[in-house]
Amino acid sequence: MRVVATSCCGEFELCSEGGQYFVLRPAGDGHEETARGRFARAARVWEVLASQHSCAEYEPPRRRRWCPTR
Ligand SMILES: [Zn+2]
């Protein structure tokens, strides 16, 4: 599994595995997978989830390595 992009605070991660893409989101004390499939779909879900994130405390998104293009 490879992490393609990480949202603010590392809350959501866009990952690829075996030619498929999916989003990892927090669930309980771990993560759960959602939106598995093609890159465009997973990336869009990731972007929507990440844009809904409200930061409890400001922290520069230093882990972010990739920005989706619109
Ligand atoms: Zn944040």
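This report describes the fold of one protein chain, taken from a predicted model.

## Overview and confidence

The protein chain contains four strands and one helix. Read from the N terminus, the elements follow the order β-β-β-β-α. Of the 70 residues in the chain, 20% are buried. Among the contacts with a separation of 6 or more, 36% join residues that are 24 or more positions apart.

The average pLDDT of the protein chain is 86, and 80% of the residues score at least 70. Strand β2, residues 13-17, has the highest confidence, at 97. Helix α1, residues 39-52, has the lowest, at a mean of 94.

## The sheet

The four strands form an open sheet in the order β1-β2-β3-β4, and their pairing is antiparallel. Strands β1 (2-6) and β4 (30-37) are at the edges; each has a single partner strand, so one side of each has no neighbour in the sheet. On average, neighbouring strands of this sheet are turned by 30 degrees against each other, with direction ignored.

Helix α1 packs on the sheet and touches β1, β2, β3 and β4. The direction of α1 makes about 25 degrees with that of β3.

## Strand pairs and their turns

The antiparallel pair of β1 and β2 has four bridges. Ala 5 has Leu 14 in β2 as its bridge partner. The two strands form a hairpin with six residues between them.

Strands β2 and β3 run antiparallel and are joined by five bridges. Here Leu 14 stands opposite Val 23 in β3. Leu 14 therefore appears in two pairings: it is the bridge partner of Ala 5 and it faces Val 23. The hairpin of β2 and β3 has two residues between the strands, and Gly 18 in its turn has a positive phi of about 60 degrees.Strands β3 and β4 pair in the antiparallel sense over six bridges. Val 23 has Thr 34 as its bridge partner in β4, and Ala 27 stands opposite Gly 30 in β4. The hairpin of β3 and β4 has two residues between the strands, and Gly 28 takes a positive phi near 60 degrees.

## Two residues with positive phi

Which residue in the loop between β1 and β2 has a positive phi although it is not a glycine? The residue is Cys 9, with a phi of about 65 degrees. Cys 9 lies in the loop between β1 and β2. Cys 9 has 15 other C-beta atoms within 10 Å, so it is partly exposed.

Ala 35 is not a glycine either, yet it has a positive phi of about 60 degrees. Ala 35 is placed in strand β4. Ala 35 counts as partly exposed because it has 19 C-beta neighbours inside 10 Å, and a residue needs 20 or more to be buried.

## The nonpolar core

Which residues make up the largest nonpolar core? The core has 11 residues: Phe 12, Leu 14, Cys 15, Tyr 21, Phe 22, Val 23, Leu 24, Ala 42, Val 45, Trp 46 and Ala 50. Strands β2 and β3 (20-27) and helix α1 each supply at least two residues of this core.

Phe 12 is one of the core residues. Leaving out residues up to four places away in sequence, Phe 12 touches Ser 7, Val 23, Leu 24, Arg 25, Trp 46, Leu 49 and Ala 50. Among these, Val 23, Leu 24, Trp 46 and Ala 50 are also listed in the core.

## Ala 5 in the edge strand

Ala 5 is found in strand β1, which stands at an edge of the sheet. With 19 C-beta neighbours inside 10 Å, Ala 5 counts as partly exposed, because the cut-off for a buried residue is 20 or more.

How far apart are Ala 5 and Ala 43 in sequence and in space? Ala 5 and Ala 43 are 38 residues apart in sequence, and their C-alpha atoms are 9.1 Å apart in space.

Technical notes: Residues numbered from 1 in each chain as written. Predicted model: local features only at pLDDT ≥ 70, side-chain atom pairs only at ≥ 80, totals over all residues. Buried ≥ 20, exposed ≤ 12 C-beta atoms within 10 Å, placed from the backbone. Contact = placed C-beta atoms within 7 Å. pLDDT = per-residue confidence, 0-100. Core = buried A, V, L, I, M, F, W, Y, C linked by C-beta atoms within 7 Å. Pairing = 2+ DSSP bridges. Axes fitted to C-alpha atoms, helices over the stretch in contact; angles between N-to-C directions.
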